[in-house]
Amino acid sequence: MNDTHPLLALYSSIYGANEPLLDALFVTLLLAGGCAFMAGRAIARTWRDRYIVVVYMIPLAVAARFIHFALYQGRLIAPLAFAIDFAVLVLIALLSWQRARANQMTEQYYWLYEPKGPLGWRQRANTPEIIP
């Protein structure tokens, strides 16, 4: 009888049996995720569009995949593991980008916009409607 939890078995089939779960989380979330957070913020601060975030996460996901391979003998060519790492990094970077953009809009255009939650902004009530 196999006592392995089905989710751990799925994890082992995606990332490889050599890499412990905590090590994979450390590499993907802390190391690469921290880089994704800083990259998303930097991209927003230079007023670039959000699609640039997705493009910049491709080499970062490749680097994270290499770290999995080099440090923990994980599989280097693992398309599903790469896709998962890439999706997680894009999510982190896009959230960071949106947060930085909301801060930019409310700080730079404080007379027009006010914060609306941690990721958004809205036009102030006392400003006239801008007609394009």
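This tour proceeds through the model stop by stop, naming what to select and what is found there.

**Before starting**

Residues are numbered from 1 along each chain as its sequence is written. The model is predicted, and local features need pLDDT of at least 70, side-chain atom pairs count only at pLDDT 80 or more, and totals for chains, interfaces and linings use all residues, while side-chain values use heavy atoms, with hydrogens and water left out.

**Stop 1: the whole protein, coloured by confidence**

Colour the chain by pLDDT, the predictor's confidence in each residue, from 0 to 100. The average over the protein is 87, and 90% of the residues score at least 70. Helices (H or I, at least four residues) and strands (E, at least two) are DSSP runs, numbered from the N terminus. Among the elements, helix 4 has the highest mean pLDDT, 94, and helix 1 (residues 6-15) the lowest, 71.

**Stop 2: helix 3**

Select residues 51-72, which form helix 3. This helix of 22 residues spans 32 Å from its first C-alpha to its last, close to the 32 Å expected at 1.5 Å a residue; the expected span is 1.5 Å times one less than the number of residues. Centre next on I58, where a kink of about 30° lies shortly before the proline P59. The bend at a residue is the angle between axes fitted to the seven residues ending there and the seven starting there.

Now show the buried side chains of the helix, among them I52, V53, M57, L60 and A61. Buried means under 20% relative accessible area, exposed over 50%, and partly exposed in between (1.4 Å probe, protein chains only). Further along, A64, R65, H68 and Y72 are also buried. Just after helix 3 comes Q73, with a positive phi near 55°.

**Stop 3: from helix 3 to helix 4**

Select R65 and D85, whose side chains meet in a salt bridge at 3.2 Å, N to O. R65 belongs to helix 3 and D85 to helix 4, so the pair ties together parts that are 20 residues apart in sequence. A salt bridge here is a side-chain nitrogen of Lys or Arg within 4 Å of a carboxyl oxygen of Asp or Glu. By this rule the count comes to 3 salt bridges. Are R65 and D85 buried or exposed? R65 is buried at 3% relative accessibility, and D85 is buried at 0%.

**Stop 4: Q104 and W47**

Move along helix 4 (residues 79-108) to Q104. Q104 is buried, with a relative accessible area of 11%. Which residues does Q104 touch, not counting those up to four places away in sequence? They are A44, R45, W47 and Y109, where contact means heavy atoms within 4.5 Å.

Of these contacts, select W47, in the loop between helix 2 (21-45) and helix 3. W47 has a positive phi of about 60° although it is not a glycine. At 39% relative accessibility, W47 is partly exposed.

**Stop 5: the network around E114**

Finish at E114, which forms a salt bridge with R124, the closest N and O atoms being 3.5 Å apart. E114 lies in strand 1 (residues 113-115) and R124 in the segment after strand 2 (121-123), so the pair ties together parts that are 10 residues apart in sequence. Salt bridges that share partners join E114, R122 and R124 into one network. Add R122 to the selection: its closest N and O atoms to E114 are 2.9 Å apart. E114 is partly exposed at 22% relative accessibility, as are R124 at 29% and R122 at 40%.
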